[in-house]
Amino acid sequence: MRHIKLLTTDSLTLEYNAVEDYIVATWHGTFTSDVIKQGYEQILFFLQKERTHKLLDNHYDVQGLWVELTDWLANDWHPRAEQAGLQYHAAVYSRDYFSRLSTDRAMSMVRDGIAQGFETIENAENWLNSL
């Protein structure tokens, strides 16, 4: 079994890719501050639980501008995730223009080399699997 389901909520599905050893976070719907913070705290919990160092953060089906939380993601959550062992964070851009801008801003604020944005899930998976 390749993907092990960890969590399913209205806005987030978390799975563990047991073959390539990374967490897959698939977001859907409209991002709100509460949804983002609760979801990323769940991701952090499972990064620690599975003892993995990689995250595939799929924003493809996310809608809305969440630029007000990019500072929190880059300067609060990301350092805690790195301290817990996160080494590589691949984010798949949303089809929604405003959500894409928010994701791009957050990725650009994270320490060089650890986080990158991708157009497709396949490109994000290829990057994670090459590391």
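Begin by selecting threonine 52, which at 1% relative accessibility counts as buried (buried means under 20% relative accessible area, exposed over 50%, and partly exposed in between, with a 1.4 Å probe and protein chains only). The model on screen is a predicted one, in which local features need pLDDT of at least 70 and side-chain atom pairs count only at pLDDT 80 or more, while totals for chains, interfaces and linings use all residues. Residues are numbered from 1 along each chain as its sequence is written, and side-chain values use heavy atoms, with hydrogens and water left out.

**The loop between H1 and E4**

Threonine 52 is found in the loop between H1 and E4, where helices (H or I, at least four residues) and strands (E, at least two) are DSSP runs numbered from the N terminus. Show its surroundings next: leaving aside neighbours within four places in sequence, threonine 52 is in contact with Tyr16, Asp21, Tyr22, Ile23, Leu47 and Gly85, contact meaning heavy atoms within 4.5 Å. The C-alpha atoms of threonine 52 and isoleucine 23 are 7.3 Å apart in space, although the two residues are 29 apart in sequence.

Now select arginine 51, which lies in the loop between H1 and E4 and is exposed, with a relative accessible area of 71%. Arginine 51 has a positive phi of about 55° although it is not a glycine. A C-alpha distance drawn from arginine 51 to asparagine 129, 78 residues apart along the chain, should read 16 Å.

From the contacts of threonine 52, go on to aspartate 21, placed in the loop between strand E2 (12-17) and E3. Its phi is near 65°, a positive value in a residue other than glycine, and aspartate 21 is partly exposed, with a relative accessible area of 29%.

**Helices H1, H2 and H3**

Two packed helices are described by the angle between their axes and the distance between the axes. Select helix H1 (residues 33-50) together with helix H2 (residues 70-83), which pack at an angle of about 20° with their axes 10 Å apart; axes are lines fitted to C-alpha atoms, for helices over the stretch in contact, and angles run from 0 to 180 degrees between N-to-C directions. That makes H1 roughly parallel to H2, given that angles under 35 degrees count as roughly parallel, over 145 as roughly antiparallel, 65 to 115 as roughly perpendicular and the rest as oblique. The crossing of H1 and H2 is right-handed, that is, the near helix is turned clockwise from the far one by less than a right angle, whereas an anticlockwise turn would make a crossing left-handed.

To display the contact, select Ile36, Lys37, Tyr40, Glu41, Ile43, Leu44 and Leu47 of H1 and Trp72, Leu73, Trp77, Arg80 and Ala81 of H2. These residues divide into 9 nonpolar, no polar and 3 charged, where Ala, Val, Leu, Ile, Met, Phe, Trp, Tyr, Cys and Pro count as nonpolar, Asp, Glu, Lys and Arg as charged, and the others, Gly among them, as polar.

Keep H2 and add H3, whose axis comes within 8 Å of that of H2, the two crossing at roughly 30°. That makes H2 roughly parallel to H3, and the crossing of H2 and H3 is right-handed. The contact is made by Thr70, Asp71, Leu73, Ala74 and Asn75 of H2 and Ser102, Arg105, Ala106 and Met109 of H3, with 4 nonpolar, 3 polar and 2 charged residues by class.

**Two residues of H3**

Within helix H3 (residues 97-109), select threonine 103, which is buried, with a relative accessible area of 1%. Not counting residues up to four places away in sequence, threonine 103 touches His59, Trp66, Ala91 and Tyr93. Between threonine 103 and valine 92, 11 residues apart in sequence, the C-alpha to C-alpha distance is 8.6 Å.

Serine 108 is also in helix H3, and at 56% relative accessibility this serine counts as exposed. From serine 108 to alanine 74, 34 residues apart in sequence, the C-alpha atoms are 8.7 Å apart in space.

**Helix H4**

Finally, select helix H4 (residues 121-130), in which Ala124, Trp127 and Leu128 are buried. Seen down the axis of H4, its buried residues fall within an arc of 95°, so they line one face of the helix, the arc being that of the directions from the helix axis to the C-beta atoms. To see what these buried residues pack against, add strand E3 (22-30), strand E4 (54-63), strand E5 (88-92) and strand E6 (115-118).
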